[in-house]
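The exercises below are meant to be worked with the sequence and the 3D view open side by side. Please try each task before reading its solution.

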Amino acid sequence: MEKSRSYISYILLAVFVLAGALYLLRPLLVSNSSASVSAETEAPASSSAAPAAPTSGITKEGEVTFLKGGKTFRKIDVEIAENDADRQKGLMFRPYLSDSVGMLFVFEEPTPQSFWMKNTMISLDIIYVDQNKKIVSIQKKAKPYSEESLPSFGDAQYVVEVNGGYCDKYGIQVGDTIVF
């Protein structure tokens, strides 16, 4: 009987270890193609079933296009935070964010902004944008869970959050513009 309990304990331990490993590896195993993202985040109009959970890390509510010299050079799907509750929560508690998505924060008027990373599990680039939709500053690779203030260093009416390192990877700079 003692030997039987020992085998069951090892089997349960193996199941929990495997489940934990799959949970941690999920972002690497999920496809990032935009076709699969749109298929998974939008339910068919005639379907009464709930849409599948998005694999990108956000629920698409719009798009942001980055322009350099007036020409499009990068586009992302965004979730929009345009009220106080959504702006306060932001991307907190999300374990994963695809490189093809982000969050757009919309404020009523341009003022100096400041964000922090409290309860944010992933590194982010925080892009501050003025009322003319011109990028005024970027806080790159913000540290997860940090309560350090990350200011805009000027008036900003919009803020775009993307994966940490995104701006360097795709050449997004102060002076570029956005369209949404």
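**Exercise 1: A glutamine in a strand**

In this predicted model, a polar atom of the side chain of Gln-157 lies 3.1 Å from the backbone oxygen of Glu-108. Describe where Gln-157 is found, whether Gln-157 counts as buried or exposed, and which residues Gln-157 is in contact with.

*Solution.* Step 1: begin with the location, which is strand E6.

Step 2: turn to accessibility, where the value for Gln-157 is 12%; because buried means under 20% relative accessible area, Gln-157 counts as buried.

Step 3: list the contacts, leaving aside neighbours within four places in sequence, and the result includes Phe-105, Val-106, Phe-107, Glu-108, Glu-109 and Pro-110, together with Val-129, Asp-130 and Gln-131. Glu-108, whose backbone oxygen takes part in the 3.1 Å pair, is thus also one of the contacts of Gln-157.

**Exercise 2: The elements in order**

State how many helices and strands there are in the protein, and give the order of the elements from the N terminus on.

*Solution.* Step 1: the count gives four helices and seven strands.

Step 2: reading from the N terminus on, the order is α-α-β-β-α-β-β-β-β-α-β.

Step 3: as a complement to this order, consider the contacts with a separation of 6 or more, of which 66% are between residues 24 or more positions apart.

**Exercise 3: The nonpolar cores**

Identify the residues of the largest nonpolar core that touch the most other members, and find which strand gives the most to this core.

*Solution.* Step 1: the largest nonpolar core has 18 residues, and those that touch the most other members are Leu-97, Phe-105, Phe-115, Leu-124, Ile-126, Tyr-128 and Val-159.

Step 2: at least two residues of this core come from each of E3, strand E4 (124–129) and E6, and E3 gives the most, with five residues.

Step 3: take Phe-115 as an example and leave out residues up to four places away in sequence; Phe-115 then touches Phe-105, Phe-107, Ile-126, Tyr-128 and Val-159, and also Glu-148, Ser-149, Leu-150 and Glu-161.

Step 4: apart from this largest core lies another core, of 17 residues, which includes Val-64, Val-78, Tyr-166 and Cys-167.

**Exercise 4: Salt bridges**

Find how many salt bridges there are in the whole structure, then examine the pairs Lys-60 and Asp-77, Arg-94 and Glu-79, and Arg-87 and Asp-84.

*Solution.* Step 1: a search of the whole structure gives nine salt bridges.

Step 2: in the pair of Lys-60 and Asp-77 the distance from N to O is 3.3 Å, and the pair links distant parts of the chain, since Lys-60 is in the loop between helix H2 (34–41) and strand E1 (62–68), whereas Asp-77, 17 residues apart from it, is in strand E2 (residues 71–81). Lys-60 counts as partly exposed at 31% relative accessibility, while Asp-77 is buried at 13%.

Step 3: the side chains of Arg-94 and Glu-79 meet at 2.8 Å, N to O, and here too distant parts of the chain are linked, with Arg-94 in the loop between H3 and E3 and Glu-79 in strand E2, 15 residues apart. Arg-94 is buried at 15% relative accessibility, and Glu-79 is buried at 13%.

Step 4: in the pair of Arg-87 and Asp-84 the closest N and O atoms are 2.8 Å apart; because these two are three residues apart in helix H3, they are separated by about one helical turn. Arg-87 counts as buried, with a relative accessibility of 12%.

Step 5: look for shared partners, and Lys-60, Glu-63, Lys-75 and Asp-77 are found to be joined into one network of salt bridges.

**Exercise 5: Positive phi values**

Describe the phi of Phe-93 and of Tyr-145, and locate Phe-93 and Tyr-145.

*Solution.* Step 1: recall that most residues other than glycine have a negative phi.

Step 2: Phe-93 has a phi near 65°, which is positive, and lies in the loop between helix H3 (84–89) and strand E3 (101–115). Because its relative accessibility is 52%, Phe-93 counts as exposed.

Step 3: the phi of Tyr-145 is likewise positive, near 65°, and Tyr-145 is in the loop between strand E5 (135–142) and strand E6 (150–163).

Terms used
Residues numbered from 1 in each chain as written. Predicted model: local features only at pLDDT ≥ 70, side-chain atom pairs only at ≥ 80, totals over all residues. Heavy atoms only, no water. Buried < 20%, exposed > 50% of the residue type's maximum accessible area, 1.4 Å probe, protein only. Polar contact = N/O pair within 3.5 Å; in protein donor to acceptor, adjacent residues only side chain to side chain. Contact = heavy atoms within 4.5 Å. Core = buried A, V, L, I, M, F, W, Y, C linked by side-chain atoms within 4.5 Å. Salt bridge = Lys/Arg side-chain N within 4 Å of Asp/Glu carboxyl O.
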